[in-house]
Amino acid sequence: MGKSDFLTPKAIANRIKSKGLQKLRWYCQMCQKQCRDENGFKCHCMSESHQRQLLLASENPQQFMDYFSEEFRNDFLELLRRRFGTKRVHNNIVYNEYISHREHIHMNATQWETLTDFTKWLGREGLCKVDETPKGWYIQYIDRDPETIRRQLELEKKKKQDLDDEEKTARFIQEQVRRGLEGKEQEVPVFTELSRENDEEKVTFNLNKGACSSGAASSKSSSLGPSALKTIGTAASVKRKESSQSSAPSKEKKKKKSALDEIMEIEEEKKRTARTDYWLQPEIIVKIITKKLGEKYHKKKGIVKEVIDKYTAVVKMIDSGDKLKLDQTHLETVIPAPGKRILVLNGGYRGNEGTLESINEKTFSATIVIETTACRILVP
């Protein structure tokens, strides 16, 4: 087996050692060569090829430093733009991902001595938004790509056009209402004084037929004689007796309720108004409100696949498909648009499905129509 055979143990060991990142102090940026130990780096520095590179760099060292600085800046910003976009991220996270590439430009070959100096330089040049926190420096890429700027302008223009259309529609509706009101004559109520021509005449009011009939009866009584007034009075007394007799059995029916029925009604009322401190149900859509899981899951929606001990749920994320075990304090319900199906999670109608009719944001309540009970319920 030859000395330079591919399958010799030494060749295999050298390939295993050369994988991954090596120590930075044994790397030569001019020759772009990584040495595995101090002896190898010393031999490389004494080699003829390295001496030639040093002679070339000594002629114009600033040109080489500018070249390496520009390459480092371009690769770093390209990774920040492509990987994180315009999100606010810690500078060390971006740098660790950048140096994971084996052929990257090392920072000790650039004009910046530390990552903090490079971060401050990005802020001064206006390439990124930088801010210092107790946890370190955070950076946010400023996208000045013409295509991105054009897209943002188109979105703003579309939003403005939608607002203009809504204003036009509102003005058109107001104009139609105004025209409809102009075509109709508004009725103005006429108020007259109550006068009696003769003090001896009696004024009678029929309470069963409303105010209009009472006014008519009063006018009739004023025009009729005393005998007619007597007949009207006797008829009214007869009607009162009949109404009292008809209302008597209904009152008796109401009084016939037993004490057991009353107790059952009270218990049903308590159940209908009772609320519990747990509300999780399987197959409902919820939103994660905790920030402890990071930006990847914050404000993201998922479906409850399993409820454990009433207060814990196994949630499957809609976007990524990941399954998370969360407490109900880290979740909130998702209210659909009006007209969609909805499930009541708390209160007396807990577990019933219905249709969301309207949402009142001022009172934090919604109107739901439940088909099983055929009634309209206001659920806060």
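Me: Hey, which residues does Phe118 touch, not counting those up to four places away in sequence?
Reply: Phe118 touches Phe72, Arg73, Phe76, Met107 and Trp112, with residues up to four places away left out. Keep in mind that this is a predicted model.

Me: Is there a nonpolar core here, and which residues have the most contacts inside the largest one?
Reply: The largest nonpolar core has 23 residues, and those with the most contacts inside it are Phe72, Phe76, Leu80, Val94 and Phe118. In soluble globular proteins, nonpolar side chains tend to be buried together.

Me: Which elements give two or more residues to that core?
Reply: Those are helix 4, helix 5, helix 6 and strand 5. Helix 4 gives the most, with 7 residues.

Me: And what other core lies apart from it?
Reply: There's another one of 14 residues, including Ile284, Val286, Ile288 and Leu324.

Me: Back to helix 4. At what angle does helix 4 cross helix 6?
Reply: Helix 4 covers residues 61-84 and helix 6 covers residues 115-125; their axes cross at roughly 80 degrees and come within 13 Å. That angle makes helix 4 roughly perpendicular to helix 6.

Me: Which residues make the contact?
Reply: From helix 4 it's Phe72, Arg73, Phe76 and Leu77, and from helix 6 it's Phe118, Trp121 and Leu122. By class, that contact has 6 nonpolar residues, 1 charged and no polar ones.

Me: New topic: what order do the strands take in the open sheet?
Reply: The sheet has 3 strands in the order 3-5-4, with antiparallel pairing. Strand 3 (88-90) and strand 4 (128-133) each have a single partner strand, so one side of each is left without a neighbour in the sheet. From one strand to the next, the twist averages 30 degrees.

Me: How many bridges link strand 4 and strand 5?
Reply: They pair over 6 bridges, in the antiparallel sense, with strand 5 spanning residues 136-141. As one example, Lys129 has Gln140 of strand 5 as its bridge partner.

Me: Which strands does helix 4 touch?
Reply: Helix 4 packs on the sheet and touches strand 3, strand 4 and strand 5. The direction of helix 4 makes about 75 degrees with that of strand 5.

Me: Last one: is Asn91 buried or exposed?
Reply: Asn91 is buried, with a relative accessible area of 4%. Asn91 lies in helix 5, residues 91-99.

Me: What is Asn91 in contact with, leaving aside neighbours within four places in sequence?
Reply: Asn91 is in contact with Phe76, Leu115, Thr119, Trp137 and Ile139, those neighbours aside. You've met Phe76 already: Phe76 is part of the helix 4 contact with helix 6.

Conventions
Residues are numbered from 1 along each chain as its sequence is written. This is a predicted model: local features need pLDDT of at least 70, side-chain atom pairs count only at pLDDT 80 or more; totals for chains, interfaces and linings use all residues. Side-chain values use heavy atoms; hydrogens and water are left out. Axes are lines fitted to C-alpha atoms, for helices over the stretch in contact, and angles run from 0 to 180 degrees between N-to-C directions. Helices (H or I, at least four residues) and strands (E, at least two) are DSSP runs, numbered from the N terminus. Angles under 35 degrees count as roughly parallel, over 145 as roughly antiparallel, 65 to 115 as roughly perpendicular and the rest as oblique. Contact means heavy atoms within 4.5 Å. Ala, Val, Leu, Ile, Met, Phe, Trp, Tyr, Cys and Pro count as nonpolar, Asp, Glu, Lys and Arg as charged, and the others, Gly among them, as polar. Two strands pair if DSSP finds at least two bridges between them. Buried means under 20% relative accessible area, exposed over 50%, partly exposed in between (1.4 Å probe, protein chains only). A nonpolar core is a set of buried Ala, Val, Leu, Ile, Met, Phe, Trp, Tyr and Cys residues joined through side-chain atoms within 4.5 Å.
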